Amino acid sequence: MDLSYSAEDLAFRDEVRAYLAENLPERISDVVRSGAELTKEIIEEWHAILNKRGWLATIWPKEFGGPGWSPVQKHIFEEECCRAYAPRIVPFGLSMLGPVLQVFGSKEQQDHYLPRILDGTDWWCQGYSEPGAGSDLASLKTRAVRDGDEWVINGQKTWTTLGQFADWIFCLCRTDPDAKNQEGISFILVDMATPGIEVRPIKLIEGGYEVNEIFFTDVRVPIGNLVGKENKGWTIAKFLLTHERTGIAGVGFSMQALEEVKAIARKTMRGGKSLIEDPLFAARVAQAEIDLEAMKITNLRMLFKAQEQGAPGPETSLLKIKGTVINQELKDLARRALGPAAAPFPGHVTEGNLMFGPADTEHNAARYFNNRKTSIFGGSNEIQRNIVTKTMLEL
Amino acid sequence: MDFNLTEDRQMLADTLNRFLGEQYPVEHRIKVAYDAPYHDPAKWDQLVELGALYALAPEDAGGMGGTGFDISVVFEALGKTLTPEPVLGALMASRLLAAAGADQDALLTGATKYAVGITEIDAPYELDQIATQATAKGDGFTLSGRKSTVYGGQIADVILIAAKHDGGLGVFAVNAADANVTGYGMMDGGGAAEILLDDVSATLVLADAEAALNDGLNAGIVALCAEAVGAMEVTHATTVEYFKQRKQFGVPIGKFQVLQHRAVDMLTEIEQARSIVIKAAAELGGDEASKYASMAKNLIGRAARLIAEESIQMHGGIAMTWEYSVSHYAKRLIMLDAQLGDTDYHLSQVMKVNAA
């Protein structure tokens, strides 16, 4: 039993920390700290900085241009990025499609797409959910029909994150309507510039714009855009979701959130005293802090297991459930700590008198509402419970 | 980073799990835990012979372990079988004797049974509220006061008592035969004692003992938390097994999602509990030991209550019976909250650290 990082890992952490201190522009970390939406330009700038250092595709092996990190190194990197308030790496090309192509893609697909993901030529988005296929993803209806050497795609995808910036979308499409749900699905790559594609924004609860509906009307793509075998897309879908769940505990983000809660509570006055001295509030903070402290160890235990066994196990579902609950609790505490100062709609109060805390807190309530998504996306917490029921409880 | 047990500790765990699994089936445990002397003296001797106590003390105190991880291995095994043997008292006494540099061979060989009296009815958890008073008399001391729920006190030969001394706290050794000791069985099995001290003669073991007492408490907390993890895992496994056996509406009740999801939530909390015990064990003896012990005891208090109450509820009537094991596990899980500081007390301790 040894909870500390190895000397090698510590040296790596110092290297990452120093690199971030040197190369993460303050104007970018300030935006992240404020909780404001990140522009496409900021994300692309940050991706390019990391790519220059070879640290963008954190889970890719060296042969494909990744850093070849261990799960622990990847964890350290993410922890340091959170600590420095670096933008989150957009995962769709780098953490989702990349690994899929590396395992299921043809040599041509790998040679063509992977470098373009790395250098930012192609921005990818994910075409999974549909209006009628959320948690029950396998009931998806978007059809792809072969016509000569093309697929003709008709249907609708939704909740497509940052689809408004995307050059390409990877889609789960039904290619055999007569097969059982999971067995008639194929994984197809679609150029967003293809005629017949329409992107419509979905305005979210807090007023933000990060997800879209995407409509496909007689969209024709080459047969060669199929990844893996026809009707075997579900295997790929499941593989991808496993990767989506790594790092899902969001420990680094919760540590940020805890710091923010404490910083706000120190400056907020209640009954003539700092809110941090209020026993009711302090008790809620302390309890969340205890849960987060345990979560840090749970996360490391799962990482250690993943490192020993070569792949994350079904326990990652437990991480997802508890990690999102803790994060949401902290966001709630921050919003409560601000009290009436959380009320103004972002952008409506531009003079400084309502801004205080470690950064301006203008986006605080918006972040609280936006973060309700974390227990819904990536397989809702209820779906995670179903997974654990099958895999760990064997019921 | 390595979350595997060392080979030695794995062997210790295997030995204890095998021994307790064979010697302490739950029927036997129920039989011995609720009737005087509230444990099984023959099994205690065997447990001592296996070296369980040596694992609790560091080498320079004559033992073979004494780290947080040694302690958690021993107590997790005890928790799995709800063993009502008075190991907690031995552990805490061993920490105090080690701090005093006193010989503890008699403790480790089992020749002398120790218990530790810190708790008072008006000072259940707080050292600074202890009222028992030591007074110098001749070459030695006398103690006056009352110690409550002294675990293992019903069979102890020597009781180490925390008492006010010289403007601080001292630890004193009292022969049980010299004090007014009333032993009793506990709700969740095992025994304790109320100890009335009326000018009872005592030997000073350690003066200025606050730090040592805190270390003893922290070690005891790691032990209780590890015990709870062992008990929670068995309770959860029993519950999931019952899901597969018990049929209602023509199907095993484990087919009902309303039960499945609750069983998953229990599992999540058990993993969190295991994690915080690992952290507290790693920090034991260090500068922040008290903070992490408090974090552990708070989280364990919440998790143990969830596991106990949900297990009873999801079993239905059967877990309300004396005959069925889960009722006894549930009682232990609930009642250990009040040992060495409960959920709220330890939350307030963490708050104090945060405010400092």
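**Entry 1. Helix H7 of chain B**

I began with the burial of H7(B) in this predicted model. I found 26 of its 36 residues to be buried, so H7(B) is largely enclosed by the rest of the structure. I then checked its length: the 36 residues, at 1.5 Å each, should span 52 Å, and the end C-alpha atoms of H7(B) are indeed 52 Å apart.

Within this helix, which covers residues 210–245 of chain B, I looked up Thr238(B). Is Thr238(B) buried or partly exposed? I noted 18 C-beta neighbours inside 10 Å; because burial requires 20 or more, Thr238(B) counts as partly exposed. Leaving aside residues up to four places away in sequence, I found Thr238(B) touching Ser325(B) and Val326(B). I also recorded a separation of 8.7 Å between the C-alpha atoms of Thr238(B) and Ser311(B), which are 73 residues apart along the chain.

**Entry 2. Backbone geometry**

I next searched for unusual torsions, given that most residues other than glycine have a negative phi and most peptide bonds are trans.

Which peptide bond did I record as cis? I recorded the one from Ala36(B) to Pro37(B), with omega near 5 degrees. I placed Pro37(B) in the loop that lies between helix H2 (26–33) and helix H3 (41–49) of chain B.

I then turned to positive phi values. For Thr149(B), which is not a glycine, I read a phi of about 35 degrees. I located Thr149(B) in strand E3 of chain B, residues 140–151. Thr149(B) has 19 C-beta neighbours inside 10 Å and therefore counts as partly exposed.

In chain A, I noted Leu162(A), also not a glycine, with a positive phi near 55 degrees. I found Leu162(A) in the loop between strand E3 (150–157) and strand E4 (168–174) of chain A. Leu162(A) has 19 other C-beta atoms within 10 Å, so I entered it as partly exposed.

**Entry 3. A hairpin in chain A**

I followed strand E2 of chain A, residues 143–147, to its partner E3(A): the two run antiparallel and are joined by five bridges. I saw that Asp147(A) stands opposite Glu150(A) in E3(A). How many residues lie between E2(A) and E3(A) in the hairpin? I counted two, and Gly148(A) in this turn has a positive phi of about 65 degrees.

**Entry 4. Chain A as a whole**

I listed 12 helices and 10 strands for the secondary structure of chain A. I obtained a box of roughly 75 × 50 × 50 Å for its C-alpha atoms, taken along the principal axes. For 395 residues a compact globule would have a radius of gyration near 21 Å, and I found that the 22 Å of chain A agrees with this. I noted that 42% of the 395 residues of chain A count as buried. Among contacts in chain A between residues at least 6 apart in sequence, I found that 72% join residues at least 24 apart.

**Entry 5. Domains of chain A**

I took the bounds from the domain assignment, which gives domain 1 (7–89), domain 2 (123–239) and domain 3 (247–391). I computed 32 Å between the centres of domain 2 and domain 3 of chain A, over C-alpha atoms. Between these domains of chain A, I found five residues of domain 2 in contact with five residues of domain 3. I sorted the side of domain 2 that touches domain 3 by class: two nonpolar, two polar and one charged residues.

Note on methods:
Residues are numbered from 1 along each chain as its sequence is written. Chains are lettered from A and ligands numbered from 1 in the order in which they are written. This is a predicted model: local features need pLDDT of at least 70, side-chain atom pairs count only at pLDDT 80 or more; totals for chains, interfaces and linings use all residues. Helices (H or I, at least four residues) and strands (E, at least two) are DSSP runs, numbered from the N terminus. A residue is buried if 20 or more other C-beta atoms lie within 10 Å of its own, exposed if 12 or fewer, and partly exposed in between; C-beta atoms are placed from the backbone. Domain bounds come from an automatic or database domain assignment. Two residues are in contact if their C-beta atoms, placed from the backbone, lie within 7 Å. Ala, Val, Leu, Ile, Met, Phe, Trp, Tyr, Cys and Pro count as nonpolar, Asp, Glu, Lys and Arg as charged, and the others, Gly among them, as polar. The radius of gyration is taken over C-alpha atoms; the globule rule is 2.2 Å times the number of residues to the power 0.38. The expected span of a helix is 1.5 Å times one less than its number of residues. Two strands pair if DSSP finds at least two bridges between them.
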